[in-house]
Amino acid sequence: MSHNHEEQHLDALAINSFRKYLQISSVHPHVDYKGCVDFLQEQAKSLNLPIDVIYVEPDKPVIIITWTGQKPKLPSILLNSHMDVVPVYEDKWTYKPFEATVENGKIYARGTQDMKSVGIQYLEAIRRLKLAGVSFVRTIHICFVPDEEISGFIEVGMTLFVKTKKFKELNVGFSLDEGIASPSNHFTLFYGERCSIMINITCHGQTGHGSNLLPNTAGQKLSNILKKFSEFRKKQQNLLKENPSLTLGDVTSVNVTKLSGGIKMNVLPAELKVVIDCRLAVTEDLEEWKKTVIGWCQEAGKDVDVEFKHVLPQVPVTKLDNSNPYWAPFSEAINELGIEIKPQIFSAGTDSQLLRQEGIPAIGFSPINNTPVLLHDHDEYLGIDTFLKGIDIYCGIIKKIANLEA
Ligand SMILES: [Zn+2]
């Protein structure tokens, strides 16, 4: 085959694999991981690479395809993606969400952006690099994990995997995982995440008839507390408004997500509860923030209980400078590819944070630009050209980071 023919053949193969993977219904709540395992076993076979399937829970596989480097003792490169996708409102979709319909140069399916594209792009980049006859200093693990979409306050998927012996054996030095599509020409890159804290506040108070004007009521305390959060929230919104270079990840968000209490319309309640979903900016100190909230609760009146729930402590961001040895080869690749990236703090949570907590530098990056952000949305799609370009981008990045000498 001529060079051009071979490229066309590889492109067709990549699109075909992508569509096949999208057609596996790995959607919550009944995810077909068996289908994913079978599919990835075929992929590993076609790449002539060893594959390992371990179960972090019954029917919850982690799949690792490995390309051993020339110096296998050096810390490895982890190319991570999750296999699961979020549910769909099928009646809101123009095309069937698990058929991977190709229309006007785009593929429509749940998971095209989040994040089956990335999983296939890793594999197809590896295929191309292997065909080119190159080999690398470092071992590369292409890893597929379950249940990212339901992780957080329950321990599943990557949370369990990082605690296994198998994970330690991978000796991961640097990790790549999902980012988000960018509607502009630049690509977004995530090097940290905010600390997610659920603040449970219970206001106890004087009970009695609803017609009174008694002191020390739960309602008045709750109102004082909400006023503090509301003022703080306004300040954070203003920070964003005043400085267009800031993104949501740079500030702290607070939102009332649950309210409960009271027994009867004309009875003063013994307690009222509120839950506040808080995502603390990486520039803030968690302990200081807790003190602030406790202070607000104390000022609101006596008998206010506050409880902070968070899965992870405040995790340091991945450094994008010379203190992170993987950054130089990564940014060199970006320069050579001639693409523009915008480093940001992720506003929600991904598996990268679990790796950062293990002390592993981790970057969230999905090579999707000039595309609306449609993760978890109806009619999620990815342009075929964008998808194919992403494979080239990973080839460029992998070549550099997997060749980083000690
Ligand atoms: Zn995702």
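Which residue in β17 is the bridge partner of Lys106? Select Lys106 and then Gly383: Gly383 in β17 is that partner.

Before going further, note that this is a predicted model, in which local features need pLDDT of at least 70 and side-chain atom pairs count only at pLDDT 80 or more, while totals for chains, interfaces and linings use all residues. Residues are numbered from 1 along each chain as its sequence is written, and side-chain values use heavy atoms, with hydrogens and water left out.

**Stop 1: the sheet**

Select residues 106–108, which form strand β5. Helices (H or I, at least four residues) and strands (E, at least two) are DSSP runs, numbered from the N terminus. Three bridges join β5 to β17, and the two strands run antiparallel. Two strands pair if DSSP finds at least two bridges between them.

Now add β4 (101–103) and β17 (381–383). The three strands make an open sheet in the order β4-β5-β17, with antiparallel pairing. β4 and β17 are the edge strands; each has a single partner, so one side of each has no neighbour in the sheet. On average, neighbouring strands here are turned by 25° against each other, direction ignored.

**Stop 2: the helix across the sheet**

Select residues 384–401, helix α10. This helix lies across β4, β5 and β17, and runs at about 70° to β17. Axes are lines fitted to C-alpha atoms, for helices over the stretch in contact, and angles run from 0 to 180 degrees between N-to-C directions.

**Stop 3: α3 against α10**

Keep α10 and add α3 (residues 116–131). The axes of α3 and α10 are 8 Å apart, at an angle of about 60°. The two helices are therefore oblique to each other; angles under 35 degrees count as roughly parallel, over 145 as roughly antiparallel, 65 to 115 as roughly perpendicular and the rest as oblique. Their crossing is right-handed, meaning that the near helix is turned clockwise from the far one by less than a right angle.

For the contact (heavy atoms within 4.5 Å), show side chains including Ile120, Tyr122 and Ile126 in α3, and Phe387, Ile391 and Tyr394 in α10. The residues of this contact divide into 11 nonpolar, four polar and four charged. Ala, Val, Leu, Ile, Met, Phe, Trp, Tyr, Cys and Pro count as nonpolar, Asp, Glu, Lys and Arg as charged, and the others, Gly among them, as polar.

**Stop 4: α2 against α3**

Swap α10 for α2 (residues 33–47), which packs with α3 at about 15°, the axes being 10 Å apart. That angle makes α2 roughly parallel to α3. The crossing of α2 and α3 is left-handed. Among the residues that meet are Phe39, Leu40 and Leu47 in α2, and Leu123 and Arg127 in α3.

**Stop 5: the zinc site**

Select the zinc ion with His82 (NE2), Asp114 (OD) and Glu178 (OE), which coordinate the ion at 1.8 to 2.1 Å. Donors are N, O and S atoms within 2.8 Å of the metal (3.2 Å for Na, K and Ca); water is not among the atoms, so sites may look incomplete. Along the chain, the donors follow the spacing H-x31-D-x63-E. Asp114 is in the loop between β5 and α3, and Glu178, 64 residues away, is in the loop between β7 (172–177) and β8 (187–193).

**Stop 6: backbone details**

Stay on Asp114: a cis peptide bond joins this residue to Met115, with omega about -15°. Then select His28 and Pro29, where the peptide bond is also cis, with omega near 10°. Pro29 is in the loop between α1 (3–23) and α2. Finish at Asn216, which has a positive phi of about 60° although it is not a glycine. Asn216 lies in the loop between β10 (208–209) and α6 (218–242).
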